[in-house]
Amino acid sequence: MAYSFPTFFPSSLLFFIFTIITSFFSPISTAKTHRFSRTISPESLGLNNTQELSHLHFFFHDVVGGPNQTAVRVAAAPGTNKSLTMFGAVVMMDDPLTELAESDSKVVGRAQGIYASASQTELGFLMVLNFVFTEGKYNGSSLSVLGRNTVQSAVREMPVVGGTGLFRFARGYAQARTHSINPLEAIVEYDVYAFHY
């Protein structure tokens with residue numbers, strides 16, 4: 001036997017209950033909520049339509065041994081020590097960046113990140129690092145680099161993929177040239193070109 005509502009139960013009340021129940025199970029429109037994504041104007045972030053091109057020049061000091069070591073190997077593959085290219089070695093660094101090539105020159109920032117030997121045929125590193133600046137108008141800002149560094153090439157070029165602070169939305173490239181190298185330290189000259197707002 002089918003159940004029926006008592007005759008005194010108004011149909012408008014049934015419609016109201018139905019509307020409430022279905023509203024709980026209806027999908028929420030993302031167009032109205034803006035919870036996940038939305039379009040905004042660059043001006044709302046303090047950006048204008050004019051980009052600057054900055055050129056930074058400094059020296060990178062990678063010290064792999066001795067009392068002032070700034071780079072340490074943190075991982076290796078079973079065959080790394082037998083490889084001519086040290087394939088599989090992963091090194092964590094916190095290297096000083098200086099104005100001039102001399103180690104006692106003014107420090108303008110740090111190179112913090114990792115490099116890993118990623119080639120079996122040549123000395124080629126995968127570089128993942130941030131140039132964190134501590135001097136001048138870029139103090140507190142950073143540039144992020146992700147790329148390939150074939151360290152025996154005269155000039156190596158790596159992309160700048162982003163940045164923070166004054167380098168928000170940065171893009172550009174970094175060129176590296178080996179200034180000097182000995183068993184404990186490599187000094188590398190960097191020219192970095194970055195577009196930013």
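**Figure 1. Glu-102, a partly exposed loop residue.** Buried means under 20% relative accessible area, exposed means over 50%, and partly exposed covers the range in between. Glu-102 has 46% relative accessibility, so this residue counts as partly exposed. The model shown here, as in every view below, is predicted. Glu-102 sits in the loop between β3 and β4. Its C-alpha atom is 8.8 Å from that of Ile-187. Along the chain, Glu-102 and Ile-187 are 85 residues apart.

**Figure 2. Overview of the fold.** The protein has two helices and nine strands. Read from the N terminus, the order is α-α-β-β-β-β-β-β-β-β-β. Of its 197 residues, 32% count as buried. The accessible surface comes to about 12,800 Å². Carbon and sulfur atoms account for 61% of that surface. Consider the contacts between residues at least 6 apart in sequence: 46% of them join residues at least 24 apart.

**Figure 3. Strands β5, β6 and β7.** β5 spans residues 124-133 and β6 spans residues 142-150. These two strands pair in the antiparallel sense over nine bridges. One bridge can be picked out by its residues: Leu-126 is partnered by Arg-148 in β6. On to β7, residues 156-164, which runs antiparallel to β6. Four bridges join β6 and β7. Here Ser-144 has Gly-162 of β7 as its bridge partner. β6 and β7 form a hairpin, with five residues between them. In a regular strand the side chains alternate between the two faces of the sheet.

**Figure 4. Ser-119 in the loop between β4 and β5.** Ser-119 is found in the loop that follows β4 (107-117) and precedes β5. Is Ser-119 buried or exposed? Its relative accessible area is 10%, so Ser-119 is buried. The Ser-119 side chain reaches two backbone nitrogens. That of Thr-121 is at 3.2 Å. That of Glu-122 lies 3.2 Å from a polar atom of the Ser-119 side chain. Leaving out residues up to four places away in sequence, Ser-119 touches Thr-85, Phe-87 and Gly-124.

**Figure 5. Two aromatic pairs, one tilted and one stacked.** The model holds ten aromatic pairs. Tyr-115 and Phe-125 make a tilted pair. Their rings are 5.0 Å apart, centre to centre, with 40 degrees between the planes. Tyr-115 belongs to strand β4 and Phe-125 to strand β5, ten residues apart. Tyr-115 is buried, at 7% relative accessibility. Phe-125 is buried as well, at 17%. The second pair is Tyr-138 with Phe-167: ring centres are 4.6 Å apart and planes meet at 25 degrees, so the pair is stacked. The cut-off for stacked is under 30 degrees. Tyr-138 lies in the loop between β5 and β6, and Phe-167 in the loop between β7 and β8 (171-181). The two are 29 residues apart. Tyr-138 counts as buried because its relative accessibility is 13%. Phe-167 counts as buried too, at 0%.

**Figure 6. An aromatic cluster.** Which residues form one aromatic cluster? They are Phe-58, Phe-60, Phe-131, Phe-133, Tyr-138, Phe-167 and Tyr-190. The stacked pair Tyr-138 and Phe-167 therefore belongs to this cluster.

**Figure 7. The largest nonpolar core.** This core has 28 residues. Those touching the most other members are Phe-58, Phe-131, Phe-133, Leu-143, Tyr-190 and Val-192. Eight elements are drawn on for two or more residues: β1 (52-63), β3 (90-98), β4, β5, β6, β7, β8 and β9 (185-196). Which element gives the most to this core? β5 does, with five residues.

**Figure 8. Contacts of Leu-143.** Leu-143 is one of the core residues that touch the most other members. The contacts given here exclude residues up to four places away in sequence. Leu-143 touches Leu-129, Asn-130, Phe-131 and Phe-133, among others. Val-160, Gly-162 and Gly-163 are also among its contacts. The list further includes Leu-56, Phe-167, Ala-170, Val-192 and Ala-194. Gly-162 is also the bridge partner of Ser-144.

Conventions:
Residues are numbered from 1 along each chain as its sequence is written. This is a predicted model: local features need pLDDT of at least 70, side-chain atom pairs count only at pLDDT 80 or more; totals for chains, interfaces and linings use all residues. Side-chain values use heavy atoms; hydrogens and water are left out. Two strands pair if DSSP finds at least two bridges between them. Buried means under 20% relative accessible area, exposed over 50%, partly exposed in between (1.4 Å probe, protein chains only). A polar contact is a pair of N or O atoms within 3.5 Å; within protein, one must be able to donate a hydrogen and the other to accept it, and residues adjacent in sequence count only if both atoms are side-chain atoms. Contact means heavy atoms within 4.5 Å. Rings of Phe, Tyr and Trp (its six-membered ring) pair if their centres lie within 6.5 Å; planes under 30 degrees apart count as stacked, over 60 as edge-to-face and the rest as tilted. A nonpolar core is a set of buried Ala, Val, Leu, Ile, Met, Phe, Trp, Tyr and Cys residues joined through side-chain atoms within 4.5 Å. Accessible areas come from the Shrake-Rupley method with a 1.4 Å probe; for residues, only the protein chains shown count as cover.
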